[in-house]
Amino acid sequence: MLRIENLHAEIDGKEILKGLSLSVKAGEIHAIMGPNGAGKSTLGYVLGGRPGYDVTEGSVTFDGVDLLALEPHERAAAGVFLGFQYPVEIPGVSNVQFLREALNAQRAGRGEAPLSGGEFLKLARAQADALGLDQDMLKRPVNVGFSGGEKKRNEMVQMGIVDPKFAILDETDSGLDIDALRIVGDGINRIMRKPDKAVLLITHYQRLLDYVKPDFVHVLADGRIVRSGGAELALELEREGYAGVAA
Ligand code: ADP
Ligand code: MG
Ligand code: MG
């Protein structure tokens, strides 16, 4: 589904990704772990198409298409979802408005008709319920005044609504208490654990991986994948730290 080859990317002339290669097949969940500043978020942003990140070498194909040639909205319409480490607040735009726009823009990109208000509300309420997010949160401005955990749940509601084919989730577990962690983990499994979907799960800690079992674990250090293994690699990292494993 996703093939990254020798990816080099820079921000403001500073090289952050230094020859990263990774292949993800449909049905797989890959965890990306690694020390602070390794380039994990940069990888997410480059895949999502965030402006300011220049790819200087290498390629990324998604279902055989050159992902890097697509605009961010085209990537979303193609089924790529990027969950942010720090979800943005959008004062003045209600959560339902935002979610409906996001969904219908993606549907339009695929040549599908927009959902009606009624159809959309039904979908949004079902997703909010599944994530244990109060229905009232749907009416409030996007993420404004939401707690850290509510923002992350809201992001999972958005993911459930757009129902992507491929999700890059950047530290979805940061700032979550134990109960919220389980709820968010269950959400990822429910929405994305399917034979025709795949996930890149970026995380610092093993604990999310207790809920969302990765098929592969990779260590990203200094802009490259320096080690790959199965779920047991995350446990080894938890025991020994990155220094020993990435060396
Ligand atoms: P991680 O998510 O693994 O902690 P990041 O991808 O956020 O790492 O950052 C990788 C490196 O890129 C860090 O050294 C960081 O300081 C640097 N970096 C991130 N954004 C910028 C920027 N806008 N300008 C310069 N350097 C940046
Ligand atoms: Mg970081
Ligand atoms: Mg990061």
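1. Two residues are in contact here if their C-beta atoms, placed from the backbone, lie within 7 Å. In this predicted model, Ile11 meets that criterion with Ile16, Gly52 and Tyr53, neighbours within four places in sequence being left aside.

2. Ile11 belongs to strand 1, residues 2-11. Is Ile11 buried, exposed or partly exposed? Ile11 has 16 C-beta neighbours inside 10 Å and therefore counts as partly exposed; a residue would need 20 or more to be buried. Pro51 is 40 residues away from Ile11 along the chain, yet their C-alpha atoms are separated by 9.7 Å.

3. Ile11 also takes part in the shell of ligand 1, together with Asp12, Lys14, Ile16, Gly34, Asn36, Gly37, Ala38, Gly39, Lys40, Ser41 and Thr42. Strand 2 (14-24) and helix 1 are the elements that give two or more residues to this shell. Helix 1 supplies the largest share, 3 residues. By class, the shell residues divide into 6 polar, 3 nonpolar and 3 charged.

4. An open sheet of 6 strands follows the order 6-9-10-3-11-12, and its pairing is mixed. Strand 6 (80-83) and strand 12 (224-229) each have a single partner strand, so these two stand at the edges and one side of each lacks a neighbour in the sheet. On average, neighbouring strands of the sheet are turned by 20° against each other, direction ignored.

5. At the strand 6 edge, the partner is strand 9 (residues 166-170), joined by 4 bridges in a parallel arrangement. Within this pair, Leu82 has Ile168 of strand 9 as its bridge partner.

6. Helix 1 (residues 40-48), already noted for its part in the shell around ligand 1, lies across five elements of the sheet: strand 3 (29-33), strand 6, strand 9, strand 10 (198-202) and strand 11 (216-221). The helix runs at about 145° to strand 9.

7. Strand 11 is mostly covered, with 5 of its 6 residues buried. With strand 3, strand 11 pairs in the parallel sense over 4 bridges, and Val217 of strand 11 stands opposite Ala31.

8. How do strand 11 and strand 12 run with respect to one another, parallel or antiparallel? They run antiparallel and are joined by 5 bridges; Val219 stands opposite Arg227 in strand 12. The two strands form a hairpin with 2 residues between them. In the turn, Asp222 has a positive phi of about 50°.

Technical notes: Residues numbered from 1 in each chain as written. Chains lettered and ligands numbered in written order. Predicted model: local features only at pLDDT ≥ 70, side-chain atom pairs only at ≥ 80, totals over all residues. Pairing = 2+ DSSP bridges. Axes fitted to C-alpha atoms, helices over the stretch in contact; angles between N-to-C directions. Buried ≥ 20, exposed ≤ 12 C-beta atoms within 10 Å, placed from the backbone. Near = placed C-beta within 6 Å. Nonpolar A, V, L, I, M, F, W, Y, C, P; charged D, E, K, R; others polar.
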